[in-house]
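Reader: Could you take me through a close look at a single residue, please, and then show me what surrounds it? I would enjoy one connected account that starts small and widens step by step.

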Amino acid sequence: MSMIEFNNVEKYYGKFHALKNINLKIDQGEVVTIIGPSGSGKSTLLRCINGLETVTSGQLLINGYDLADKKTDMNKTRKNVGMVFQHFNLYANKTVMQNITLGPQVVLKQSKAQSEEEAHKLLELVGLNEKANSFPDQLSGGQQQRIAIARSLAMKPKALLFDEPTSALDPEMIGDVLNVMKTVAEQGMTMVVVTHEMGFAQEVGDRIVFMADGSILEDHSDVAGFFKQPNDERARVFLSKVIKHM
Amino acid sequence: MDIFAQAYQWVNLKYLLEGLWVTVEVSVISILFSFIIGAIFGLLRYMKIKYLSMIVGFIVDIIRNLPLLLIIFFTYFGLPNVIGVRFNTLWATIIAMTVFESAMLAEIIRSGIMAVDSGQMEAARSNGLTYWQTMYHIILPQAVKKMIPPIVSQFISLVKDTSLATIIVLPELMFHAQVIYGQNTNFMIPMFLALAVLYFIVCYLLSVLAKFLDRRLSKA
Ligand SMILES: Nc1ncnc2c1ncn2[C@@H]1O[C@H](COP(=O)(O)OP(=O)(O)OP(=O)(O)O)[C@@H](O)[C@H]1O
Ligand SMILES: [Mg+2]
């Protein structure tokens with residue numbers, strides 16, 4: 001059974017057709033990167049996976065549960081799938097420690113002591129143990145994003161979604177965040193990463209998906225091969241533009 | 001100076017303070033009621049519940065755009081004709097103020113919640129929290145901080161606007177001052193001065209209380 005499975009998924013925003021006949025299977029432990037031009041539906045795809053958006057038709061199975069089924073408990077599904085956002089979205093009224101422990105305490109009913117102990121391990125992992133008592137607005141963008149990753153990991157999710165996690169960062173911060181993501185990937189986390197970081201896609205990704213206009217046009221396990229020779233014309237144009245900027 | 005000494009003789013001061021007491025009474029009761037109703041209406045409008053939020057929004061927008069004086073006239077003179085219930089001046093004022101201020105607060109509270117970045121809700125939901133857990137832990141605490149200054153200004157207006165009820169002869173501060181200088185026009189300036197001082201003290205105390213609350217919340 002796949003961890004995440006799209007079967008003929010369609011998504012409309014009103015009249016606008018945002019996802020067109022999406023078929024995608026992601027297995028446990030896989031790291032899939034998604035690339036594509038702006039407006040192609042990458043964020044929409046991720047947001048459907050953790051229920052921030054609902055699909056219009058088709059089947060979207062997470063761990064075997066159909067998200068379109070009214071009997072599926074959305075909150076339970078969200079518990080299993082974490083999301084890291086472009087703009088970090090740390091809780092502005094909470095300290096770093098509280099950001100990480102809120103979910104475990106409120107949702108997983110962990111004790112304060114236990115959740116804080118685990119939070120310290122996660123802070124260690126992202127290299128920010130000394131920031132436990134800071135507020136988000138006292139941190140740099142790169143630090144905030146690493147905390148956001150730690151916050152997601154604290155829920156012990158089965159999969160983590162990343163929506164352009166480094167796009168809002170200054171260049172010198174990007175490496176730190178990518179390194180953390182690489183470590184998480186090496187620990188066997190299932191990851192779906194929307195990114196423009198082609199280096200990361202090649203080095204860490206097991207698979208690459210190219211989207212345009214709401215459709216998946218390419219889906220390859222041979223990431224390096226895809227970069228050398230994409231089949232689709234639009235992928236070729238997209239890559240030439242992105243690579244020029246690298 | 002003799003005039004001031006005469007104007008501020010104890011009977012007059014006592015009479016002013018009695019008026020002040022009514023002003024404070026009307027204000028405090030109206031603040032309590034309108035805060036509760038305003039919070040409920042503001043939330044209902046924010047939550048975009050089919051029809052309900054629209055109706056609430058419609059009512060709020062109408063009331064916000066009426067003069068308070070018209071509402072006071074309506075509760076005092078109009079209601080007896082419409083539903084046959086006559087309220088005394090005190091309750092007619094309290095009801096009118098509550099209706100008006102609830103609408104104003106509903107809008108302040110709704111905008112305060114809307115001013116919280118929508119990414120906060122998304123992050124908390126994808127973190128596994130339910131809608132109400134997110135509201136309680138993340139959205140409302142941030143919204144309340146944003147709301148405190150406009151809510152305090154609104155309450156300060158409320159205190160001052162109680163003086164409108166002087167027109168339906170509510171024995172509040174403004175009315176009592178008028179009674180005093182009505183008997184001796186020389187007392188007019190001393191009375192105006194006394195009014196300015198008394199309204200200032202009440203409103204200033206309100207903003208001090210707000211600052212205290214704000215600081216308490218920041219520490220939390
Ligand atoms: N809530 C919404 N309501 C209506 N249309 C939307 C909504 N969200 C996204 N869209 C539209 O759907 C399309 C896909 O948007 P999406 O955000 O998924 O693209 P994307 O691939 O993530 O783009 P980007 O690289 O700019 O982030 C866009 O044309 C966008 O305008
Ligand atoms: Mg996007």
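**A glutamine in a helix of chain B**

Author: Gladly! Q154(B) belongs to helix α7 of chain B, which covers residues 131-161. Please keep in mind throughout that this is a predicted model.

Is Q154(B) buried or exposed? With a relative accessible area of 11%, Q154(B) is buried, since the cut-off for that word is under 20%. Which residues does Q154(B) touch, once those up to four places away in sequence are set aside? The list is E101(B), M104(B), L105(B) and I108(B). Another glutamine, Q9(B), makes a useful marker for distance: 145 residues separate Q9(B) from Q154(B) along the sequence, and their C-alpha atoms are 34 Å apart in space.

Now let us step back to the chain that holds this glutamine. Chain B is built from nine helices and has zero strands. Read from the N terminus, its elements follow the pattern α-α-α-α-α-α-α-α-α. Along the principal axes, the C-alpha trace of chain B spans about 70 × 45 × 20 Å. How much of chain B is buried? The share is 45% of its 220 residues, and Q154(B) is a buried residue too. As for contacts in chain B between residues at least 6 apart in sequence, 75% of them join residues at least 24 apart.

The surface of chain B comes next. Chain B exposes about 11600 Å², and carbon and sulfur atoms supply 72% of that area. Its charged side chains number 15 positive and 11 negative, with 9 Å between the centres of the two sets.

K48(B) gives you a contrast with the glutamine we began with. K48(B) sits in the loop that links α2 (10-46) to α3 (52-64) of chain B. K48(B) counts as exposed, at 67% relative accessibility, whereas Q154(B) is buried. The backbone of K48(B) is worth a look as well: its phi is near 55°, a positive value in a residue other than glycine.

A positive phi turns up in the partner chain too. In chain A, F88(A) has a phi of about 65°, although F88(A) is not a glycine. F88(A) is placed in the loop between β6 (81-84) and α3 (96-106) of chain A. Unlike the exposed K48(B), F88(A) is buried, with a relative accessible area of 9%.

How is chain A put together? Chain A has nine helices and 10 strands. Its radius of gyration is 18 Å, close to the 18 Å that the globule rule gives for 246 residues, so chain A is as compact as a globular protein of that length. The C-alpha atoms of chain A fill a box of roughly 55 × 45 × 30 Å along the principal axes. Buried residues make up 56% of chain A. Among its contacts with a separation of 6 or more, 65% come from residues 24 or more positions apart. Chain A exposes about 11000 Å², with 47% supplied by carbon and sulfur atoms. It carries 27 positive and 29 negative side chains, and the centres of these sets are 6 Å apart.

One sheet of chain A rounds off the tour. It is an open sheet of four strands with antiparallel pairing, in the order β2-β1-β4-β5. At its edges stand β2 (16-26) and β5 (65-66), each with a single partner strand, so one side of each is left without a neighbour in the sheet. Strands of a sheet pair through backbone hydrogen bonds, either parallel or antiparallel.

Inside this sheet, β1 (residues 4-13) and β4(A) pair in the antiparallel sense over five bridges. In that pairing, I4(A) has I62(A) as its bridge partner in β4(A). Strand β4 (residues 57-62) is in turn joined to β5(A) by two bridges, again antiparallel. I62(A) appears here as well, with Y65(A) as its bridge partner in β5(A). The hairpin of β4(A) and β5(A) has two residues between the strands, and N63(A) takes a positive phi near 55° there.

Terms used. Residues numbered from 1 in each chain as written. Chains lettered and ligands numbered in written order. Predicted model: local features only at pLDDT ≥ 70, side-chain atom pairs only at ≥ 80, totals over all residues. Heavy atoms only, no water. Rg over C-alpha atoms; globule rule 2.2 N^0.38 Å. Buried < 20%, exposed > 50% of the residue type's maximum accessible area, 1.4 Å probe, protein only. Contact = heavy atoms within 4.5 Å. Areas by Shrake-Rupley, 256 points an atom, 1.4 Å probe, with all protein chains shown as cover. Lys, Arg positive; Asp, Glu negative; His and termini not counted. Charge placed at Lys NZ, Arg CZ, Asp CG, Glu CD. Pairing = 2+ DSSP bridges.
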